[in-house]
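Take a walk through this chain, from its overall make-up to its aromatic contacts and its surface. Keep the coordinates open as you read.

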Amino acid sequence: MPASSLPPPAKRSKTKGDATPLKILELELTAAAANNAPLNPLSDLLNLALGASDVNEMSKAIYGLYRVFVVIISNDKLAPGGGDAARVVRKWIWERLDSYVELLVGLLQDEEAALRKSALDILFSLLKHLSTSLTKSSPDNQPQFHFSHFKHIAQGLLVCPPSLRPGSNASFEGKTAPDVREHFVDTWFTVHDDIRWCFLREATFMLSRHSSADHPSMLGNLLSIMERLTTFPTEPSELNAWWVEELGKKPPKPKSSKTDGDAAQDSDIRDVDDEDEEEDDWRKFFDGEPNAKDTKKATGVKGRTYQLTFHQSLHSLQAHRAVFTRTWLSFFPHISSVSTSTNRSFTTRALNIMHRGVLPHLTRPILVMDWISACVDFGGTVGLLALNALFILIKDYNLDYPLFYTRLYAFLDRDVLHLKHRARFFRLAEVFLSSTHLSASLLASFVKRLSRLSLTAPPAAIIMVIPFTYNLLKRHPALMVMIHNTENVNDSFVDPFIPDEVNPNVTNAIDSSLWELYSHKNHYDSAVSTLLRIFEEAFTKPGYSMEDFLDHTYGTLIEAEMKCKIKKEPALAMELVQNQFPLALDEGGEDVAPGGMDAVSELWVFG
C-alpha cells in the first residue's frame with residue numbers, strides 16, 4: 001500500500017494559513033498528471049471526500065476531485081494502449097474514478113440542495129470529457145458516447161441510492177429529488193438529443209433488469225421525467241442539439257451491414273473486464289413502412305432503424321421514435337401487473353399525457369391499443385382518460401374497435417356526472433355522437449340515460465346535460481318525439497325504457513320521453529330552470545357551444561348569483577302582522593307567560 005501523501009502534522013500546521021490539505025493534494029495531483037508522475041495522492045484526496053461530513057468541505061472535495069480527473073482525462077491517462085504497467089495504472093485510476101462517481105450519484109439524494117445540483121453538474125461534465133477522450137482513441141475518430149458512465153447517472157436518477165456523506169439525513173425515500181429532476185429535465189433531457197436518446201435507452205434496460213418490488217420508486221421516478229418531455233422532435237431538422245459535441249458531426253450514410261468499427265460503438269472501450277452487452281435487433285419491431293409525405297420532408301439519416309449505428313441513430317428521427325416507443329411499451333406492463341392505488345395513480349398520469357405527449361411520437365401508435373383497451377375496462381376516471389386515447393387511435397390511426405358505443409354507454413353510470421373529468425367526457429361524447437349515420441335508437445339511449453342521471457346530479461352537471469341534449473336533438477331530428485310523446489297520455493304512465501340493458505340499441509328509449517329533464521323546470525337553482533325553458537320553445541337556435549357550460553361548478557354558480565343585480569326587491573311578507581308571536585296559553589286559555597309576554601319573548605328575558 002503506498003504511503004500517505006498527506007503532509008506530516010508539523011508541516012500541516014505550518015501550511016495551514018497558506019493552503020488546506022485538500023488544496024495541497026489537488027496541486028500535487030495536477031502537477032503529477034501533467035508530468036507523468038505517480039498519482040498516489042489521488043487515494044488520499046478521495047478519502048478526504050468520502051470522510052467529509054461538513055457541506056462546505058464536501059463541496060470543496062468533489063470540485064477538487066473533478067478538476068483533477070479532468071486533467072487526468074485530458075492527458076489521455078485513461079486512453080487504451082501501452083504495456084502491462086500502463087494497463088495496471090489505468091485500472092487503478094478507473095477504480096478511483098468509479099468510487100468518486102459513486103459518491104456523486106449518492107449526493108443526488110443528499111439533504112443539501114447545493115450538493116445535489118453540484119453533483120449532477122459534475123456528473124454530466126465528466127460525461128462530456130470521457131466521451132471526448134473515447135472519441136480521440138477510437139478508430140478514425142468516430143464519435144463516441146461513454147455509456148458506462150451514463151449508466152451511473154441514470155441509476156442515480158431512477159433508482160436513487162442514498163447519500164454517502166456522513167451525517168446526511170435526507171428523507172426522499174428513494175424518490176428523485178424535485179430540484180434534481182427539474183434541473184436534469186430543463187438542462188439536458190428536453191434540450192440535448194443525445195442525452196434524451198441515451199436516457200430512454202438506458203431506462204428501457206433498467207426496466208427489464210430491475211423489478212418494481214426491489215425498487216418501488218423507480219416507476220414513479222421515470223414517469224415524473226417522461227411526463228415532462230414536451231420537446232420531442234417531430235422533424236429531422238430538429239435533431240440539432242448535442243451535449244457531446246462530437247456527436248453533432250454528420251454521420252456516414254447507412255450501409256447494408258455494420259462494419260467492425262461501427263459495431264463497437266455501442267460497447268465501452270475500457271480495460272476492465274466488463275460484461276459486453278449483447279446487441280439485439282429489437283428495433284426491427286418498430287420499423288414500419290415509411291410514409292411518402294414524411295419521406296419528402298426527411299433530411300436526416302434514412303434507413304432501417306436496426307441497421308443503423310449509434311451515431312446514425314442519433315441523427316435518425318425514426319430511431320428516436322423507436323427508442324421512445326420501446327421505453328413506453330416496457331413501462332406499461334409494470335403498472336398493469338399489479339392493481340394497487342399507486343399503479344392506478346401512475347396509469348392516470350400516463351393517460352393524461354397519452355393523446356398529446358405519447359401517441360404522436362410512437363412508431364406505430366396501434367401498439368398501445370391493448371393496454372388502452374384494458375384501461376377502458378377500469379371505468380371511472382381511468383376509463384374516461386383511456387377513452388380519450390382510444391378516440392385518437394380510432395380517428396387518426398384507423399383503429400377498428402368493436403362494440404365501441406356499448407363501451408361508451410357503460411360509462412353513463414351514477415358517478416359520471418360527479419367526476420372531476422366529466423367535462424372531458426362531454427367533449428368526447430359530443431364528438432362520438434355527432435355522426436349522422438348513427439341509429440336513432442342508439443342516440444335515444446344516450447339521451448335518456450343522461451336524462452335519468454340528471455335526477456341525482458349537481459346543478460353544474462345538469463347545466464352540461466341540457467345543452468348537450470339540445471344539440472343532439474337539433475342534430476338528429478328523429479329524437480324530437482322524445483320531448484312530446486303523447487301516446488300514453490290517457491293511461492297510467494309506464495316508462496318503456498329499460499335502464500339495466502347494456503346494449504344501447506335495445507333499451508326502448510326511443511319510445512320513452514325526457515320527463516326527467518322536464519322535472520327540473522322547478523329546480524331550486526334558477527340557472528337550471530331558466531336554461532330548461534329552451535325545450536318549450538321552437539328549435540330555432542343553431543346550437544350551443546359546449547365549452548360555455550363545461551366549467552361550471554358550485555363556486556361559479558354561487559359567484560353568478562352573488563354578482564346578479566336585483567332589479568326589484570323581493571317581498572318579505574304579504575301582510576303586515578301586528579302580533580307575530582301570539583301569547584302562550586295553557587289548556588284553559590289562560591296566559592302562562594308573566595305580564596302577558598309571549599313564549600318566544602320570554603326566552604330573551606334574563607335575570
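The paragraphs below go from the whole chain to single residues.

This is a predicted model. The chain has 607 residues, and 45% of them count as buried. Its secondary structure comprises 26 helices and zero strands. About 31400 Å² of the chain is exposed. Carbon and sulfur atoms supply 53% of that area. Now look at the contacts between residues at least 6 apart in sequence: 73% of them join residues at least 24 apart.

Turn to the aromatic rings. A search of the whole structure finds 31 aromatic pairs. Trp197 and Phe310 form an edge-to-face pair. Their centres are 5.5 Å apart, with 65 degrees between the planes. The planes count as edge-to-face because that angle is over 60 degrees. This pair links distant parts of the chain. Trp197 sits in helix H9 (residues 193-209), and Phe310 sits in helix H13 (residues 310-314). The two residues are 113 apart in sequence. Both Trp197 and Phe310 are buried.

Phe404 and Phe432 make another edge-to-face pair. Here the distance is 4.8 Å centre to centre, and the planes meet at 85 degrees. Again the pair links distant parts of the chain. Phe404 belongs to helix H19 (residues 404-410), whereas Phe432 belongs to helix H20 (residues 422-432). They lie 28 residues apart. Phe404 and Phe432 are both buried.

Aromatic residues also group together. Phe124, Phe184, Trp188, Phe189, Phe199 and Trp243 form one aromatic cluster.

Next, the cysteines. A disulfide is a covalent bond between the sulfur atoms of two cysteines. How many disulfides does the model contain? The count comes to zero. Two cysteines are worth finding in the viewer. Cys160 has a relative accessibility of 6%, so this residue counts as buried. Cys198 counts as buried too, because its relative accessibility is 1%. The cut-off for buried is under 20% relative accessible area.

Finally, move to the surface. Which residues form a nonpolar patch there? Tyr524, Tyr554, Ile558 and Met562 do, with about 560 Å² of accessible area together. Met562 lies in helix H25, which spans residues 554-563. Is Met562 buried or exposed? Met562 is exposed, because its relative accessible area is 68% and the cut-off for exposed is over 50%.

Technical notes. Residues numbered from 1 in each chain as written. Predicted model: local features only at pLDDT ≥ 70, side-chain atom pairs only at ≥ 80, totals over all residues. Heavy atoms only, no water. Patch = residues over 30% accessible without salt bridge, like charges linked within 9 Å, V, L, I, M, F, W, Y side chains within 5 Å. Areas by Shrake-Rupley, 256 points an atom, 1.4 Å probe, with all protein chains shown as cover. Salt bridge = Lys/Arg side-chain N within 4 Å of Asp/Glu carboxyl O. Helix = DSSP H or I, 4+ residues; strand = E, 2+ residues; numbered from the N terminus. Buried < 20%, exposed > 50% of the residue type's maximum accessible area, 1.4 Å probe, protein only. Contact = heavy atoms within 4.5 Å. Disulfide = S-S within 2.5 Å. Phe/Tyr/Trp six-rings, centres within 6.5 Å; stacked < 30°, edge-to-face > 60°.
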